[in-house]
Amino acid sequence: MSPEASSFPQLSIGVRSFAAEDPGTWQPLFDAAQVADEAGVDRLVVSDHVVFGERLEEYGRPEIGGQAGGKQPTGPDGHWLEPLTTLSVLAGMTSRIRLGTNILVAALRRPAVLAKSTATLDVLSGGRLDLGVGVGWQREEYEACGLSFEGRGRLLDHTLEVCQTLWRDQAARFDGDGLHFESIHCMPKPLQPGGVPIWVSGRLNDRVLARIVRFGSGWIPWGDVARNPAEGLGRVKDALVAGGRDAAGFQVEGPLPVVRDGDGAIDVAPTMEGVPPLVAAGITDFRVRLSIPDDKGAAADFLGPIVAGFRSAVGR
């Protein structure tokens, strides 16, 4: 994506890298990514789970990071593809669309290994990676990795600090939180200047705001504020300014509400009428929930008018 294009509001979709049971083939995932790339969608994102316990009702508990009223989309034996591996495959099948995680439970990975894998993916994709990160909601996932669920926020900050150090410094040094190294070289560096952009997910509590200021190129709202991110954006920008950062160019995800006709199909024109007010409110990345047809031809016919309508709405 050219720098000029990235200055415009962008259209993003999630592609399904999980299934309730063995799908037999992941070809629909591959086809959806290729069609989205060709149709002009700006970004695709995939989600993350490493393992599951059996208390999936915990997803509905906001006090531990879940979504109030939400429901985990599969049972514990659902098939979830590892997101960075998946994006590596999709990178080789696409040429221009940005590739993101929404979200990666980054603290489950060893920091130096995550720094290497993400830098590699950024280089091989031509600088197209966005790393959306969050703490997750499932205790069992941390326990299976030998990590503290109670300390997950601190672990995430530690992971991001190590990644950015290794992405940035030629002879890297780190000393903190039980980890010490010096004169460490990690090549290649990410292709994108400054390293892979980090999008911080979370509710707007003090810890998330501090994480955004310290590490974030963007914010992925979660919880109640996700329904209307513009309400929280003022707090984010105030925190950025107070932290000595320029809020200009900071990215914010927001949902694109879909209007449907009497047959249940997406009515493009009234859907896009809602875009300019959200742009004016500061939303830069519009995530639209779509059920993309499995057939590639039908998928292209489905996505084409949505992309065209969005671009017209934002003046592209």
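Which residue in β5 is the bridge partner of V45? In this predicted model, the partner is G100. That pair is a convenient entry to the fold, and I shall proceed from the strands to the helices and then to the charged side chains.

V45 and G100 face each other where strand β3, residues 43-46, runs parallel to strand β5, residues 98-104, with 4 bridges between the two. Both strands belong to a closed barrel of 8 strands, ordered β1-β3-β5-β6-β9-β10-β11-β12, in which the pairing is parallel. From one strand to the next, the twist averages 25°.

Let me turn to strand β12, which covers residues 285-288. On one side, β12 pairs with β1, residues 10-14; the two run parallel and are joined by 4 bridges. Within that pairing, S12 is found opposite R287. Strand β12 also pairs with β11, residues 251-255, again in the parallel sense, over 3 bridges. There, G254 has F286 as its bridge partner in β12.

The side chains of β12 deserve a separate remark. D285 and R287 point one way from the strand, while F286 and V288 point the other way. Are these residues buried or exposed? All of them are buried.

Among the helices, α3, residues 83-93, lies across β3, β5 and β6, the last of these spanning residues 129-133. Relative to β5, helix α3 runs at about 170°.

I now move to the surface. V123, L124 and L191 make a nonpolar patch of about 290 Å². L124 lies in helix α4, which comprises residues 111-124. With a relative accessible area of 69%, L124 lies over the 50% cut-off and is therefore classed as exposed.

The remaining part of this talk concerns charge pairs. How many salt bridges does a search of the whole structure find? The search finds 20, and I shall describe three pairs.

The first pair I select is E63 with R61, whose closest N and O atoms are 2.7 Å apart. E63 is exposed, at a relative accessible area of 55%, whereas R61 is partly exposed, at 31%.

Next comes the salt bridge between R154 and D177, with closest N and O atoms 2.8 Å apart. This pair links distant parts of the chain: R154 sits in helix α6, residues 152-168, and D177 in the loop between β7 (172-176) and β8 (179-184), the two residues being 23 apart. R154 is partly exposed, with a relative accessible area of 44%. For D177 the value is likewise 44%, and D177 is partly exposed.

The last of the selected pairs is R211 with D157, where the closest N and O atoms are 2.5 Å apart. R211 belongs to helix α7, residues 206-215, and D157 to helix α6, so the salt bridge ties together parts that are 54 residues apart in sequence. R211 has a relative accessibility of 5% and therefore counts as buried.

Finally, salt bridges that share partners join R43, R98, D130, E253, D285 and R287 into one network. This returns us to β12, from which D285 and R287 point one way.

To close, I recall two elements of the picture: the closed barrel of 8 strands with parallel pairing, and the network that includes D285 and R287. Thank you for your attention.

Conventions: Residues numbered from 1 in each chain as written. Predicted model: local features only at pLDDT ≥ 70, side-chain atom pairs only at ≥ 80, totals over all residues. Heavy atoms only, no water. Pairing = 2+ DSSP bridges. Axes fitted to C-alpha atoms, helices over the stretch in contact; angles between N-to-C directions. Contact = heavy atoms within 4.5 Å. Buried < 20%, exposed > 50% of the residue type's maximum accessible area, 1.4 Å probe, protein only. Patch = residues over 30% accessible without salt bridge, like charges linked within 9 Å, V, L, I, M, F, W, Y side chains within 5 Å. Areas by Shrake-Rupley, 256 points an atom, 1.4 Å probe, with all protein chains shown as cover. Salt bridge = Lys/Arg side-chain N within 4 Å of Asp/Glu carboxyl O.
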